Amino acid sequence: MPLLAAIAEVAACLGLGALVVRVLGIGNELTKGEYWAVSFAVGFGALGWLVFPLGLGGLLEKGPLWTLLLAGALGVVLLLRAGLPVWDEIPDAIGKGLLVLIAVAFFFDLAEALAPPVDADTLAYHFNRPKQFIAAGEIFFIPQAWTGAVPLLTQMTYVPALALGGERALTLWTMFSSWAAAGFLFVLCRRFLGLNWALAVTLIFLTTPAV
């Protein structure tokens with residue numbers, strides 16, 4: 001169930017983003033890789049916004065959240081029609097070395113995604129606020145000194161994963177969304193940089209402590 005919930009949220013982001021890209025009519029300007037990456041990024045924001053009306057209506061329950069994810073995932077059909085991204089470049093020795101390092105980063109991230117969260121900021125705020133909203137079944141105002149008031153957009157994407165798949169789904173979702181950001185950065189870099197430089201920038205991003 002945790003993996004299913006996390007994958008369903010990924011599909012919802014891709015589908016919602018693909019619908020927005022289709023409405024804006026910019027799909028033809030993008031490569032296949034860019035189409036998928038941009039769709040996820042746009043869908044990430046769209047999903048976060050769509051959780052708000054559910055929360056304000058007191059509908060932060062499994063039924064409405066599954067409905068939201070499955071309805072959003074229908075847009076993946078648009079991406080499949082455009083075609084899957086295909087890796088057709090043969091990296092040189094430097095590129096292969098960078099890919100090995102990226103693979104190492106992936107396994108470290110996977111280990112972190114399978115482990116319970118332990119840092120104070122996450123437990124006190126990032127994961128705790130969605131947990132509070134789910135327990136209440138609705139979004140409620142929480143005043144917070146200095147930094148304003150929550151909920152925030154990114155934290156709203158945590159709600160479906162946590163409500164539908166528990167803590168493990170939430171940690172998997174944070175990993176998937178982080179790697180989607182890395183994919184977006186890579187395809188953006190490839191518009192202006194060679195393969196090795198694009199891989200190097202992606203590796204730097206993935207190994208930045210904040211990420």
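**Fold, cores and aromatic pairs of the predicted chain**

Among the contacts in the chain with a separation of 6 or more, 75% join residues that lie 24 or more positions apart, a contact being defined by heavy atoms within 4.5 Å. The model is predicted, and for that reason local features need pLDDT of at least 70 and side-chain atom pairs count only at pLDDT 80 or more, whereas totals for chains, interfaces and linings use all residues. Residues are numbered from 1 along each chain as its sequence is written, and side-chain values use heavy atoms, with hydrogens and water left out.

The chain has nine helices and two strands, these elements being DSSP runs numbered from the N terminus (helices, H or I, at least four residues; strands, E, at least two). Their order from the N terminus is α-α-α-α-α-α-α-β-β-α-α. The C-alpha trace spans about 55 × 40 × 35 Å along its principal axes. The radius of gyration of the chain is 18 Å, which agrees with the value near 17 Å for a compact globule of 211 residues; the radius is taken over C-alpha atoms, and the globule rule is 2.2 Å times the number of residues to the power 0.38. The accessible surface of the chain comes to about 11,300 Å², of which 71% belongs to carbon and sulfur atoms, as computed by the Shrake-Rupley method with a 1.4 Å probe, only the protein chains shown counting as cover for residues. Of the 211 residues, 43% are buried, where buried means under 20% relative accessible area, exposed over 50%, and partly exposed in between (1.4 Å probe, protein chains only).

In soluble globular proteins, nonpolar side chains tend to be buried together. A nonpolar core is here a set of buried Ala, Val, Leu, Ile, Met, Phe, Trp, Tyr and Cys residues joined through side-chain atoms within 4.5 Å. The largest such core has 40 residues, and those with the most contacts inside it are Leu14, Phe40, Leu60, Leu65, Met156 and Trp173. At least two residues of this core come from each of α1 (2–24), α2 (32–56), α3 (62–73), α4 (76–82) and α8 (153–190). Apart from this core lies another, of 14 residues, which includes Phe186, Val187, Ala198 and Leu199. When neighbours within four places in sequence are left aside, Leu65 is in contact with Leu54, Leu60, Val159, Pro160, Ala163 and Leu164.

Nine aromatic pairs are counted, under the rule that rings of Phe, Tyr and Trp (its six-membered ring) pair if their centres lie within 6.5 Å, with planes under 30 degrees apart taken as stacked, over 60 as edge-to-face and the rest as tilted. The rings of Trp49 and Phe52 have centres 5.4 Å apart and planes at 40°, so this pair is tilted. Trp49 and Phe52 are three residues apart in helix α2 and hence separated by about one helical turn, yet Trp49 is exposed, with a relative accessible area of 58%, whereas Phe52 is buried, at 16%. Phe106 and Trp179 form an edge-to-face pair, 5.3 Å from centre to centre and with 85° between the planes. This pair links distant parts of the chain, since Phe106 is in helix α5 (residues 93–114) and Trp179 is in helix α8, 73 residues apart; Phe106 itself is partly exposed, at 30% relative accessibility. Ring pairs also link Phe40, Phe44 and Trp173 into a cluster.

Trp179 is in addition one of the residues touched by Ile102, together with Leu199, Leu203 and Leu206, residues up to four places away in sequence not being counted. Ile102 is placed in helix α5 and is buried, with a relative accessible area of 11%. The C-alpha atoms of Ile102 and Lys131 are separated by 32 Å, at a distance of 29 residues along the chain. Gln155, found in helix α8, is likewise buried, at 7% relative accessibility, and touches Tyr125, His126 and Pro130 when residues up to four places away in sequence are not counted. By contrast, Asn28 in the loop between α1 and α2 is exposed, at 82% relative accessibility.

A search of the whole structure finds zero disulfides, the criterion being a pair of cysteine sulfur atoms within 2.5 Å. Cys13 is buried, with a relative accessible area of 0%, and Cys189 is buried as well, at 10%.
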